[in-house]
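Okay, thanks for coming, everyone. Today I'd like to talk through some salt bridges. Let me put the structure up.

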Amino acid sequence: MSRKKERKTKGPSATGGPAGPRSRNVVHTLVVLGLLGTSAYLTVELREKQPETAPPVESIAGATTAAGGAKPASGEQRFERLANPARTVVRSGDGGVLATFTDNARTAVLTGPSRTFAEPKFTSAKVTTDSWIRLLPQPWKAGSEKAAWFKDWFGKMASSKEPDIFAISMEYLDGAPQKKDAQGVPYTGDAHFGPLNPKGSEGADLRLEQSDFNDYLGITYTFRDGTVERPEPMRFRSIDCSGYIRTIFGYRARYPLMSKDVKGDGLPRTANGMARLSPGVPVIELGDKRPDNIDRLQPGDLVFFKVDRRTGERLDHVGMYMGLDTDGKPRFISSREEANGPTFGDKGGTARLDGSGYYAAGLRSAKRL
């Protein structure tokens, strides 16, 4: 954006003498008028730069205090240990849950202002939640509440309104507007699943997989192991299911990323690799049939599916659990071929983990990063 040069005007000191009351009044009036003019100019300029249409995704701020009416950043706090999985729950003086930290996981759930996420183009269900999903600087362990790193982090994040994992995930849904980084690279905005498959058809591999975060961004990316991945032009603005998870947790929230499916301290490339090789805590152990204990899930958990018979024993889809929707049903978000990108809607299969639907039947495991 070009900037206008400021014109320098001489003030009272430039005349060599003191300014009288009338002079000061004139100067004051000119300053006020100048500020109003600048404000009007900036308001018009910023309004002109806003997206022409708002995306069909709603994020509605609600209550401004944590559960039980206690403010997360202040007041009495007590730390309670729970099992299955082993975790620490932070409670306010009246017993309200302020945060949950799971042993060996970096994913934390903090209680904050209630938000409602909606995607009316693909589902009538909405997700209203006061859960804010954030990443700890390091994996949690019993007693971490006494560590200086945690006190510093929790003091900043307990009442922070900075975008969390949920907010970030919404920035890639159908109709979401673009935001650009300092280099001019659009790092948000409506994402496709992948380019059209020349050999595909509706309901049968219509779009190609294997679009990662760097394809969406159109950038060359060097991983920690020295592997250099160059984007494929035909995959620009596209992310498949695992690419979407790597975008929101990895590229945006800075969880470490692996260049391929190998065991390590970061997110592997595919859904199967994430389920079997990534760090974190298995909330639902991997099995060969649909699990029964989905009540162990908490918002932000990764959920893994086996929905394609052609992939053998490999898990072939991954999403993120959002919590209960307005119908009281467990809903998840993922990037899907049928919807041509990220969605928590029901196009191509109901995005719920209960019942006997396409995805519910294919659920196999869950992990807390």
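Let's start with a quick one for the room: is D346 buried, partly exposed or exposed? It's partly exposed, with a relative accessible area of 26%. And keep in mind that we're looking at a predicted model here.

So who does D346 pair with? The partner is R331, and their closest N and O atoms sit 3.0 Å apart in a salt bridge. D346 is in the loop between β13 (341-343) and α7 (358-362), while R331 belongs to strand β12 (residues 330-336), so this pair ties together parts 15 residues apart in sequence. R331, for its part, is buried, at 2% relative accessible area.

While we're here, there's also a network: D212, D240, R246 and R269 are joined by salt bridges that share partners.

Next, R368 and D301. That salt bridge has its closest N and O atoms at 2.8 Å. R368 comes from strand β14 (residues 363-368) and D301 from the loop between β9 (281-284) and β10 (302-305), so here the parts being tied together are 67 residues apart in sequence. Both ends are tucked away: R368 is buried at 1% relative accessibility, and D301 is buried at 0%.

Now for a pair within one helix. K156 and D152 make a salt bridge through their side chains, 3.4 Å from N to O. They're four residues apart in helix α2 (residues 148-157), so about one helical turn separates them. K156 is exposed, at 54%, and D152 is partly exposed, at 43%.

And how many salt bridges does the structure hold? The count is 21.

How values were computed: Residues numbered from 1 in each chain as written. Predicted model: local features only at pLDDT ≥ 70, side-chain atom pairs only at ≥ 80, totals over all residues. Heavy atoms only, no water. Salt bridge = Lys/Arg side-chain N within 4 Å of Asp/Glu carboxyl O. Helix = DSSP H or I, 4+ residues; strand = E, 2+ residues; numbered from the N terminus. Buried < 20%, exposed > 50% of the residue type's maximum accessible area, 1.4 Å probe, protein only.
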